[in-house]
Amino acid sequence: MFIGTFILQLNSLYVSLLVMGSAGLWIVYHRSDLLIEAIGCGVAVSVATGVFYVGLQIVSPGIFETQWNTADLSGILIFHAPIEEYLWTFTWGFLAGPAYEYVIG
């Protein structure tokens, strides 16, 4: 994260996507039995995030446009939230879901 963000001057969101995605793929490479769990957790976290973001938009319309720094993002929105938010939550779930079982064995 440090190298990508501070030395290479890349957007920290994209660097974290790369780091978490790579770590998740590392786990699945070594424990292919955890692939379904990894994908399921990634999807579940993304869906839960989507529900939360829809609720957030209802309570505070335009929050992403006014509070998020979206200038360096793709501009693709899903329910008014940047697609990168959903990609981030997917990769987090993809990594975190099977991580315990991978570490414990």
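Helices and strands here are DSSP runs, with at least four residues for a helix and at least two for a strand, numbered from the N terminus. The structure is a predicted model, and the exercises below walk you through it.

**Exercise 1. Find how many helices and strands the protein has, and the pattern they follow along the sequence.**

Solution. Start by counting: the protein has 5 helices and 2 strands. Next, read along the sequence, and the pattern comes out as α-α-α-α-β-β-α. To get a feel for the dimensions, place the C-alpha atoms in a box along the principal axes; the box is roughly 45 × 35 × 20 Å. Finally, look at burial: of the 105 residues, 31% count as buried.

**Exercise 2. Work out how helix H3 and helix H5 are oriented to each other.**

Solution. First locate the pair: H3 covers residues 35-59 and H5 covers residues 83-104. Then take the geometry, an angle of about 140° with the axes 7 Å apart. Angles over 145 degrees count as roughly antiparallel, and 65 to 115 as roughly perpendicular. The angle of this pair fits neither range, and H3 and H5 are therefore oblique to each other. Their crossing is right-handed.

Now see which residues meet. On the H3 side they include Cys 41, Val 45 and Tyr 53, and on the H5 side they include Phe 90, Trp 92 and Pro 98. By class, this contact has 11 nonpolar, 7 polar and 3 charged residues.

**Exercise 3. Describe the packing of helix H2 and H5.**

Solution. Begin with H2, which spans residues 12-30. H2 and H5 pack at an angle of about 35°, and their axes lie 9 Å apart. The crossing of H2 and H5 is left-handed. The residues of this contact divide into 17 nonpolar, 5 polar and 2 charged.

**Exercise 4. Find which side chains form a salt bridge, and decide whether Asp 33 is buried or exposed.**

Solution. Recall a general idea: side chains of opposite charge can pair when their charged atoms come close. A search of the whole structure finds 1 salt bridge. The partners are Arg 31 and Asp 33, at 2.9 Å from N to O. For the last step, the cut-off for exposed is over 50% relative accessible area. Asp 33 has 52% relative accessibility, so Asp 33 counts as exposed.

**Exercise 5. Place Ile 7 in the structure and say how far Ile 7 is from Pro 61.**

Solution. Ile 7 belongs to helix H1, residues 2-7. Ile 7 is exposed, with a relative accessible area of 54%. Ile 7 and Pro 61 are 54 residues apart in sequence, and their C-alpha atoms are 36 Å apart in space.

Conventions: Residues numbered from 1 in each chain as written. Predicted model: local features only at pLDDT ≥ 70, side-chain atom pairs only at ≥ 80, totals over all residues. Heavy atoms only, no water. Axes fitted to C-alpha atoms, helices over the stretch in contact; angles between N-to-C directions. Parallel < 35°, antiparallel > 145°, perpendicular 65-115°, else oblique. Left-handed = near helix turned anticlockwise from the far one by under 90°. Contact = heavy atoms within 4.5 Å. Nonpolar A, V, L, I, M, F, W, Y, C, P; charged D, E, K, R; others polar. Salt bridge = Lys/Arg side-chain N within 4 Å of Asp/Glu carboxyl O. Buried < 20%, exposed > 50% of the residue type's maximum accessible area, 1.4 Å probe, protein only.
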